2 protein chains.
Amino acid sequence: MRKVILSFGMSLDGYIARPDGTVDFLVNDAEARTIMAEFFATIDTAIMGRKTLDDAIRMMGGTYKAPVKLETYVLSRSLAPGKFVGYEVVGDLRKLVEELRHRPGKHIFNMGGGELGRSFLEADLVDELFLGIVPVLLGAGRPAFPGGFPQREFRLTEHRTFSASSVLLRYERCRIGS
Amino acid sequence: MRKVILSFGMSLDGYIARPDGTVDFLVNDAEARTIMAEFFATIDTAIMGRKTLDDAIRMMGGTYKAPVKLETYVLSRSLAPGKFVGYEVVGDLRKLVEELRHRPGKHIFNMGGGELGRSFLEADLVDELFLGIVPVLLGAGRPAFPGGFPQREFRLTEHRTFSASSVLLRYERCRIGS
């Protein structure tokens, strides 16, 4: 069964980015790159929000290109659905995830946290959390888990620590009967 | 050297309590009680905010009594400083902590997170974080680390996991030259 995995790095006080969107506080050493490579080997599909796409296009100099081979979907309320170079714009999150789950493939990466993560959690579409926690309190930033969704319980399935004091925590969703 | 330890249990999305102040989501099993007993054996002094005192008095039926033998200080901008049964009200956090550090004793417990934790972090008085992370996303609540203090770096010194999927993370403050 293909899982939807919500994954990001965050500060100890729960921010995925500084107020201006920069993420310089995230650890990007050899250990972190190894973890990310392992993670990317388990997924073949990414779903991001329109703002994350805009940020990526800006950082990439005008054109989106996935860092690895990934079927990429962009959720948007403002853009018209359709296929573009490197990604497809969709409007209905539940329908998209249902269709993806019924197709064979690797796991599905819910990129970025923040508002799209909230939409996933509100619709109870997150099967796993894969969180990197870096040892810094920022005091300000963009929240990893903006509120506004019902309570969701999880079970810890993996934890690792790294020389740079980062911690990786992996959880699976506990649904009634699961 | 006596350390100031900021400690609390929090949800994965960084809340120390539900919007109404309840903390039923925190794990209170035998493992958690063992950890708390170990922690309480290392401290002899607690500093809390006035709101935490009010909550404690209400829950205790009208009189404050520390759960273990603890020298208890209550930070308040509204109450006049002075000694009361079971606690002393003080107005100046930096002065209090400086005085306590120069007296012999065990470590100092910064109780509760939230606004008092922010004051401690703003004044850079936190030497350790001792955090219990419970495996639930609440979606709403009282933030463990309300923003509004400068960036603070830490180093992971201990991590443990528990059968109820909770994680204990302990960090020490990295200050320039330390």
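These are my notebook entries on how two chains of a predicted model meet and on one strand inside chain B.

**Entry 1: symmetry**

I began by asking how chain A superposes on chain B. A rotation of 180° does it, with 0.0 Å of shift along the axis and an RMSD of 0.0 Å. That is the relation of a two-fold axis. Next I looked for the part of chain A that sits nearest this axis, going by C-alpha atoms. A:Gly14 has the nearest one, 3.2 Å from the axis.

**Entry 2: the interface**

I then turned to the contacts between the chains. I found 27 residues of chain A in contact with 27 residues of chain B. Which elements of chain A give two or more residues to the side that touches chain B? They are β9 (136-137), β11 (152-161) and β12 (167-173). Of the elements, β11(A) gives the most, with seven residues.

I also sorted the residues on this side of chain A by character: 15 are nonpolar, eight are polar and four are charged.

Do the copies meet through the same surface or different ones? I checked the overlap: 100% of the interface residues of chain A are also interface residues in chain B, so the surface is the same.

**Entry 3: strands across the interface**

Staying with the interface, I followed β9(A) over to the other chain. It pairs with β11 of chain B (residues 152-161) in the antiparallel sense, over two bridges. For a spot to look at in the viewer, I noted A:Leu137, which stands opposite B:Arg152 in β11(B).

**Entry 4: β1 of chain B**

My last stop was β1(B), residues 4-11, and its surroundings. Is this strand largely enclosed or not, and why? I counted eight of its eight residues as buried, so the rest of the structure largely encloses it. Here "buried" means that 20 or more other C-beta atoms lie within 10 Å of a residue's own.

I went through the two faces in turn. On one side B:Val4, B:Leu6, B:Phe8 and B:Met10 are buried. On the other side B:Ile5, B:Ser7, B:Gly9 and B:Ser11 are buried too, so to speak a covered face each way.

Then I looked up the strand partners of β1(B). With β7(B), residues 107-111, it runs parallel and is joined by four bridges. In that pairing I marked B:Ser7, opposite B:Met111. With β8(B), residues 128-134, β1(B) is again parallel, and here seven bridges join the two. My marker in this second pairing is B:Phe8, which stands opposite B:Leu131.

Conventions
Residues are numbered from 1 along each chain as its sequence is written. Chains are lettered from A and ligands numbered from 1 in the order in which they are written. This is a predicted model: local features need pLDDT of at least 70, side-chain atom pairs count only at pLDDT 80 or more; totals for chains, interfaces and linings use all residues. Copies are superposed by least squares on the C-alpha atoms of residues with pLDDT of at least 70 in both. Two residues are in contact if their C-beta atoms, placed from the backbone, lie within 7 Å. Ala, Val, Leu, Ile, Met, Phe, Trp, Tyr, Cys and Pro count as nonpolar, Asp, Glu, Lys and Arg as charged, and the others, Gly among them, as polar. Two strands pair if DSSP finds at least two bridges between them. A residue is buried if 20 or more other C-beta atoms lie within 10 Å of its own, exposed if 12 or fewer, and partly exposed in between; C-beta atoms are placed from the backbone.
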